Amino acid sequence: MRNTKLYSNHQNKRIFKSKLMKKNDEVVLSFVVCDSRFNESLNLLKSGLIFTQSSLHVVIFAEDDLHKKFNSTLTKWKMLIARPFTFELHKINFPEANRKDWMNLFSKCAAQRLFIPALLPHVDAMIYVDTDTLFLGPIEILWNYFTKFKATEISALALEDENPNVSWYPRFAKHPFYGKCGLNSGVMLMNLTRMREFGWIDYITPIMLRWKSNIPWGDQDIINIIFHYHERAVHELSCRYNYRSDQCMYGDACADATFNGIFVLHGSRRAFYSDKQPAFQAVHRAIEEFEIGADLSPKMLLVNMEKYLNETTPSNCGNLKDAFLKIPTETFKKHYNLPDR
């Protein structure tokens with residue numbers, strides 16, 4: 001285990017020799033599913049399959065009783081989707097030492113993501129997402145950010161907030177965190193090869209044991225602590241790639257999403273199910289109702305998404321309706337020759 005070495009900055013200068021990926025490689029998407037998150041995870045995957053034009057490989061970590069359901073549903077989807085789509089299922093796997101701590105850190109199984117570099121030695125890189133996220137554009141666009149990594153960077157995440165005056169971390173955190181605002185881990189590009197070279201697994205248990213009474217966001221806080229000491233290992237993503245209600249509920253706090261469109265919608269704090277965020281509910285409902293194989297045209301999805309957004313009660317997020325529709329509209333026009341809205 002690492003101790004004093006953890007708190008040095010020597011690895012900030014490490015130059016990783018692992019190759020940079022080329023554009024249009026097979027996209028690898030991963031998520032962790034426990035408890036009642038099965039349907040939510042299917043909605044997430046459905047959003048990825050709707051928009052992507054690339055070959056997609058999905059790596060799922062799930063409780064044992066969910067494996068049969070995943071196998072049945074995804075095998076059926078494979079037969080209904082024209083583009084290459086493959087998947088692999090893994091059991092929830094924590095070290096026996098401190099297993100109970102890991103299993104229930106923040107929410108059940110959430111910390112599994114921290115161990116992925118060791119659990120998937122055959123995978124070079126992946127996009128990890130929380131199950132309460134939805135893609136609104138082709139995953140390969142986000143995947144191509146791997147090609148933009150500097151030689152010191154092992155992962156890419158968006159800031160918790162771009163304004164330190166409202167970000168949770170500078171106001172409440174009792175532990176070290178990345179930069180001035182901290183990172184949100186709901187969307188995380190993971191160069192697993194570089195993370196293994198970095199020695200990622202050696203860091204996480206000492207950090208958990210030292211800080212477990214002061215990390216309310218669990219795995220996200222551990223990620224922040226690591227990157228506090230290794231800031232040059234992070235490639236910062238725009239808030240449009242991890243767009244949460246925090247970015248709009250008090251006004252426009254993500255200009256990039258307003259101008260260029262929301263790319264990944266993150267329904268943290270149950271925004272997809274809460275009447276407090278009707279715009280998030282509207283997008284989630286439209287994707288949930290879309291049936292793989294049954295709906296041959298994406299036009300109906302776009303029609304429903306706009307319809308449900310127009311029907312929502314007024315809200316600050318709803319006032320930014322065009323930000324929710326911009327990327328889906330552009331994507332469908334490009335690939336399906338849809339007429340202008």
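With 341 residues, a compact globule would be expected to have a radius of gyration near 20 Å, and because the chain has 20 Å, its value agrees with that expectation. The model is a predicted one, and the values that follow are computed from it. Along the principal axes, the C-alpha atoms of the chain fill a box of roughly 60 × 45 × 35 Å. Within that box the chain forms 13 helices and 9 strands.

Several totals describe how the chain is packed and what it presents on the outside. Of the 341 residues, 57% are buried, and among the contacts in the chain with a separation of 6 or more, 75% are made by residues that stand 24 or more positions apart. The chain exposes about 15,000 Å², and carbon and sulfur atoms supply 50% of this area. As for charge, there are 43 positive and 37 negative side chains, and the centres of the two sets lie 4 Å apart.

From these totals we can turn to single residues, beginning with Thr133, which lies in strand 5, a strand covering residues 133-135. Is Thr133 buried or exposed? Its relative accessible area is 1%, and because buried means under 20%, Thr133 counts as buried. A polar atom of its side chain lies 2.6 Å from the backbone oxygen of Asp130. Once residues up to four places away in sequence are set aside, Thr133 touches Leu44, Gly186, Val187, Val264, Leu265, His266 and Phe272. Of these partners, Val264, Leu265 and His266 can be placed in strand 9, which spans 264-266.

Gly48 is a residue of helix 1, which runs over residues 38-51. With a relative accessibility of 0%, Gly48 counts as buried. Which residues does Gly48 contact, leaving aside its neighbours within four places in sequence? The partners of Gly48 are Phe135 and Ile139. The C-alpha atoms of Gly48 and Leu134 are separated by 7.4 Å, although these two residues are 86 residues apart along the chain.

Helix 13, covering residues 321-336, holds Thr331, and it also holds Lys326. Thr331 has a relative accessible area of 8% and is therefore buried, whereas Lys326, at 28% relative accessibility, counts as partly exposed. Their contacts can be read one after the other, in each case without the residues up to four places away in sequence. Thr331 touches Phe51, Leu136, Gly137 and Pro138, and Phe51 belongs to helix 1, whose residues are 38-51. Lys326 is in contact with Phe259, Asn260 and Gly261. Between the C-alpha atoms of Lys326 and Trp143 there is a separation of 20 Å, and the two residues are 183 residues apart along the chain.

Thr73 lies in helix 2, which is made of residues 64-80. Its relative accessible area is 21%, which makes Thr73 partly exposed. Apart from residues up to four places away in sequence, Thr73 touches Phe38 and Leu42, and the range given for helix 1, residues 38-51, includes these two partners. How far apart in space are Thr73 and Pro164, C-alpha to C-alpha? The distance is 43 Å, for two residues that are 91 residues apart in sequence.

Two further residues deserve a look for their backbone angles. Cys109 has a positive phi of about 75° although it is not a glycine, and Arg269, which is not a glycine either, has a positive phi of about 55°. Where do these two residues sit? Cys109 is found in the loop that joins helix 3 (99-103) to helix 4 (116-119), while Arg269 has its place in the loop between strand 9 (264-266) and helix 11 (278-289). Their surroundings can be described by accessibility: Cys109 is buried, with a relative accessible area of 1%, but Arg269, at 55% relative accessibility, counts as exposed.

Definitions and conventions. Residues are numbered from 1 along each chain as its sequence is written. This is a predicted model: local features need pLDDT of at least 70, side-chain atom pairs count only at pLDDT 80 or more; totals for chains, interfaces and linings use all residues. Side-chain values use heavy atoms; hydrogens and water are left out. Helices (H or I, at least four residues) and strands (E, at least two) are DSSP runs, numbered from the N terminus. The radius of gyration is taken over C-alpha atoms; the globule rule is 2.2 Å times the number of residues to the power 0.38. Buried means under 20% relative accessible area, exposed over 50%, partly exposed in between (1.4 Å probe, protein chains only). Contact means heavy atoms within 4.5 Å. Accessible areas come from the Shrake-Rupley method with a 1.4 Å probe; for residues, only the protein chains shown count as cover. Lys and Arg count as positive and Asp and Glu as negative; His and the chain ends are not counted. The place of a charge is taken as NZ of Lys, CZ of Arg, CG of Asp or CD of Glu. A polar contact is a pair of N or O atoms within 3.5 Å; within protein, one must be able to donate a hydrogen and the other to accept it, and residues adjacent in sequence count only if both atoms are side-chain atoms.
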